[in-house]
Structures are given as C-alpha cells and as structure tokens.
Amino acid sequence: MKIRSLEDLKKIKEEAQKRIAVREGHAEYKVVVCMGTCGIASGARQVMAAILDEISKRGLGNVAVSQAGCVGLCDREPLASVEKGSEKVFYGDLNPEKARQIVATHLVNGQIQGEWVVHVER
C-alpha cells in the first residue's frame, strides 16, 4: 500500500497494532502453532497463516496466537494447541482448511473438533 495521506498512515498503524495484539495479547483463548523444523517442513507456516487470516476475517478479539518449537510428535505435524484456562487441546495432521475449521468450531463455538485431536490436557 502506498502512503498518500495521514489517514493511510493511521490505517497502516491500526492494522499493525491489531496483528501485534493477536500475537502478544492476553485473551480468553491461546492458539500455539508448533513451528519446529519438522512442523515447518510439514506445512506449519501455512497453518499459522490460515489461523491468523481466519481470526482476522471473523474479527475475533479474544484469541492470542503464538508459536512454539517441536513438541516431539513429529509424525503428527503440523500441530497446534488451543488453550483456554487449564485445558489444552492438541490438534494434529493439520492443513490450512482444517485450521480454519478449528477456528470456526473451537474458538467461535467452543466445541472441540474431535477427529483431529491428538491429546487433551486438563
């Protein structure tokens, strides 16, 4: 985007602040995408991009997204966890489409997408 006015600059600043808040903010839900080399090789970057895009499209302000390294389940990569309070749900064998569905079912409707669950901690 070319900056042509002060309003353009303000718009860029607001969008950047929203992206930073999603990654660093304190929220009801926390999504952690495993971005070890095994995860990246399996498509974790595309999964992360899909999650961030879907959260942005839906305007979810109650979700923080971050990344972690390898958690030792390399054969189930790409992996991501959804955390709320003391509950942590690990999803595996993800792709961008599954990641978008997890946003819709788990983060929007509060229902665990059971068929892709690898592990649940409570």
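Here is a short tour of this structure, stop by stop, with something to select at each one.

**Before you start**

You are looking at a predicted model, where local features need pLDDT of at least 70 and side-chain atom pairs count only at pLDDT 80 or more, while totals for chains, interfaces and linings use all residues. Residues are numbered from 1 along each chain as its sequence is written, and side-chain values use heavy atoms, with hydrogens and water left out.

**The whole chain**

Start with a cartoon view of everything. You should find four helices and five strands; here helices (H or I, at least four residues) and strands (E, at least two) are DSSP runs, numbered from the N terminus. Follow the chain along its sequence and the pattern reads α-β-α-α-β-β-β-α-β. The C-alpha atoms fill a box of roughly 50 × 30 × 20 Å, taken along the principal axes.

Now colour by accessibility. Of the 122 residues, 36% count as buried. Buried means under 20% relative accessible area, exposed means over 50%, and partly exposed is in between, with a 1.4 Å probe and protein chains only. Contacts are worth a look too, a contact being heavy atoms within 4.5 Å. Among those between residues at least 6 apart in sequence, 66% join residues at least 24 apart.

**Stop one: α3 against α4**

Select residues 44–58 for helix α3 and 96–108 for helix α4. Two packed helices are described by the angle between their axes and the distance between the axes. For this pair the angle is about 40° and the axes are 8 Å apart. Axes are lines fitted to C-alpha atoms, for helices over the stretch in contact, and angles run from 0 to 180 degrees between N-to-C directions. That makes α3 oblique to α4; angles under 35 degrees count as roughly parallel, over 145 as roughly antiparallel, 65 to 115 as roughly perpendicular and the rest as oblique.

Turn the view until one helix lies in front of the other: α3 passes α4 in a right-handed crossing. A crossing is right-handed if the near helix is turned clockwise from the far one by less than a right angle, and left-handed if anticlockwise.

Next, show side chains where they meet. On α3, pick Q46, V47, A50, I51, D53, E54, I55, K57 and R58. On α4, pick P96, A99, R100, V103, A104, L107 and V108. The residues of this contact divide into ten nonpolar, one polar and five charged. In that count, Ala, Val, Leu, Ile, Met, Phe, Trp, Tyr, Cys and Pro are nonpolar, Asp, Glu, Lys and Arg are charged, and the others, Gly among them, are polar.

**Stop two: E54, R58 and A104**

Is E54 buried or exposed? With a relative accessible area of 11%, E54 in helix α3 is buried. Its side chain makes a polar contact of 2.8 Å with the side chain of R100. A polar contact is a pair of N or O atoms within 3.5 Å; within protein, one must be able to donate a hydrogen and the other to accept it, and residues adjacent in sequence count only if both atoms are side-chain atoms. Leaving out residues up to four places away in sequence, E54 touches R100 and V103.

Move along α3 to R58, which is partly exposed at 39% relative accessible area. The side chain of R58 makes a polar contact with that of E54 (2.9 Å). Beyond four places in sequence, R58 touches V103, A104 and V108.

Hop across to A104 in helix α4. A104 is buried, at 17%, and outside its neighbours within four places in sequence, A104 is in contact with R58 and N109. Draw a distance from A104 to L9: the C-alpha atoms are 32 Å apart, for residues 95 apart along the chain.

**Stop three: the loops**

Find Q113 in the loop between α4 and β5 (117–121). Q113 is buried, with a relative accessible area of 12%. Its side chain and that of T105 are joined by a polar contact of 2.8 Å. Not counting residues up to four places away in sequence, Q113 touches Y91, Q101, I102 and T105.

Two backbone spots finish the tour. Most residues other than glycine have a negative phi, and most peptide bonds are trans. Select D93 in the loop between β4 (87–91) and α4: its phi is near 55°, a positive value, and at 32% relative accessibility D93 is partly exposed. Then go to P78, in the loop between β2 (63–68) and β3 (80–84). A cis peptide bond joins E77 and P78, with omega about -5°.
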